[in-house]
Every structure is written in C-alpha cells, then in structure tokens.
Amino acid sequence: MVDWVGLLIPFAYLGILVGSLATFSSLYRKRKAAKSSSLEPWFGPHTPRDIYLSLLHLEPEPGQEKPPNIPDGVLKAALLQRAREDIKRILEVRNAKQALSNLLQRGSVGDELWQRHQRAEKEIEAELRDVVEEANALQPNWGQSIFQSANEMHHNAILREKLASIQAKGKKDREWWDQKKATIQSNFMRELGEDEKENPKPAAASPADRAGSDEDAVLVEGGGPAASGASKGAAKKRKGKK
C-alpha cells in the first residue's frame, strides 16, 4: 500500500519553501521600490521641460473655448532649451559614474548614492526618448539632429561664460595694477623728497656775484695793476745799469 502521507510531506515542504521565497521576494521588491521613490533626486527641477509642457498644454482663458495658438517657432525654441538641459545632465551623469563606481568599490559611499545615480540615468533615458518624439512631432526627422544643435548651444554657452570670467578677471587685474602703480609712484616721490632734504643743492649765485667773479677773471688774465707796476720797475732798473 502506498504511503500518501510520506509522499505529501516533501511536496508540502517544497510548497511552503516556494511560497516563503515568493513572499520574501515580493516584500523585498516593494520595500526597494518604496525606498527608491523616497530617495532624493539626483537633479533639481527640470525648468525648461516644465516651460515646454506649459506652452504645449495651455488652458483656454476665461470666456474662450480654445486655448491660445502658440507658434511652432516658440515651441521649437522651448524644446531646444529642454534638449540643452538634457545634454548638460547627460554629461554630469557620465562624468560622475566612474568616480562614483570607484568610491563604491572602496566603500567610501553607500548604496543609496549609487541607487540615486542609477535612477537619474533611467530618468534621462526616458527624457531623451520623449524629446525625440516631441521633435519628430513638431518637424519630421528633427529628432535625429535636435541633440546636435543642443550640444552646440551648450558648448557656446560654456565658451561665453569663460570669456565673461576672463574679462571680469582682466578688469580686476587692471584695477590691482593701477593701485600698485600709484603706490609705487607715491613711495618713489616720498623717497626722492627725503633725499633732497638730506642732501640739499647749493644755492645759485646772484648776478652781482657772477659779475665780480668775471671781473676777477679778467684782471688775472690781463695781469692787473700790480703786474703793470712791476713791469715798469724792471724797465727802470735796466736803464740805470746802462
């Protein structure tokens, strides 16, 4: 006779084990999803996306049945700004991924930060698909080139920011050099004044003193009265000897 009780015990054990594992897996996934939803987002509010959606879904004004008609050029410009913000976020996520992975392997950061990064990557992928669909809806095949245009806009904005910072720094450097030059000039003039006080220049001769010195020079060069008297005495002596 077959022992059904002995056969049912292993199957019952397997059923209980499988049920326990399924319950644990379901609870773990729910808890993980709840924890992921409660994590702080990697990026802040997406303002260009909010502006584009607001323009796209404008409500009619009071007293009107239809919403105002937004030109396609305005929608395209808003979508370009949205794509430009997406380019900025893509670059930020890619640059942070390698460093964050190394820190996670070393144990310097927790799993929470890595989960935030993974969630940001998924959000960006969904955002890119949405932008491509919106671009193709506004203009056929525009989704293939919209991110190229947005990338050029992003790099041009970075270049303008760098030029503005360089010009601001150049202005500050110019002001610093003007102050430095004024300080050097004032110190030089002060030292020059002190040297003049310690070593004063001789006073200039008056016109009368210059005239007297000229007359003395003439008398010395011409022999003067004493020289003429001496020459006359020497002539008389020579005559007496004769």
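This section describes helix 3, the nonpolar cores, the largest pocket and a loop residue in a predicted model.

Helix 3 covers residues 72-106. Its 35 residues should span 51 Å at 1.5 Å a residue, and the end C-alpha atoms are 51 Å apart, so expectation and model agree. The helix nevertheless carries a kink of about 30 degrees, centred on Lys97. Gly107 follows helix 3 and has a positive phi, near 85 degrees.

The buried residues of helix 3 include nonpolar side chains such as Leu75, Leu79, Ala83, Ile87, Ile90, Val93 and Leu100. Arg82, Asp86 and Arg89 are also buried. In an α-helix there are 3.6 residues a turn, so residues three or four places apart point the same way. Among the buried positions, Leu75, Leu79, Ala83, Ile87 and Ile90 follow one another at such intervals.

The largest nonpolar core contains 14 residues. Leu79, Ala83, Val131, Trp142, Ile146 and Phe147 have the most contacts inside it. Helix 3, helix 4 (111-138) and helix 5 (146-198) each give two or more residues to this core. Helix 3 gives the most, with six residues. Ile146 illustrates the packing. Leaving aside residues up to four places away in sequence, Ile146 touches Leu79, Leu80 and Ala83 as well as Val131 and Ala135. The first three of these partners are buried residues of helix 3. Another core, of five residues, lies apart from the largest one. Phe43, Val93, Ala120 and Ile124 are among its members.

The largest pocket holds about 190 Å³ of space. Its lining comprises 13 residues. Phe43, His46, Arg49, Arg89 and Glu123 lie nearest the centre of the pocket. Helix 3 and helix 4 each supply at least two lining residues. The largest share, five residues, comes from helix 4. Two of the residues nearest the centre recur elsewhere in this account. Phe43 also belongs to the five-residue core. Arg89 is one of the buried residues of helix 3.

The loop between helix 4 and helix 5 contains Asn141. Most residues other than glycine have a negative phi. Asn141 is not a glycine, yet its phi is positive, about 65 degrees. Asn141 has a relative accessible area of 54%, and is therefore classed as exposed, the cut-off being over 50%.

Note on methods
Residues numbered from 1 in each chain as written. Predicted model: local features only at pLDDT ≥ 70, side-chain atom pairs only at ≥ 80, totals over all residues. Heavy atoms only, no water. Helix = DSSP H or I, 4+ residues; strand = E, 2+ residues; numbered from the N terminus. Expected span 1.5 Å × (residues − 1). Bend = angle between axes of the 7 residues up to and from the residue. Buried < 20%, exposed > 50% of the residue type's maximum accessible area, 1.4 Å probe, protein only. Core = buried A, V, L, I, M, F, W, Y, C linked by side-chain atoms within 4.5 Å. Contact = heavy atoms within 4.5 Å. 1 Å grid on protein atoms, 1.4 Å probe; cavity = no way out; pocket = protein on both sides within 12 Å on 5 of 7 lines; lining within 4 Å. Points joined across faces, edges and corners; volume = space filled by probe spheres on them.
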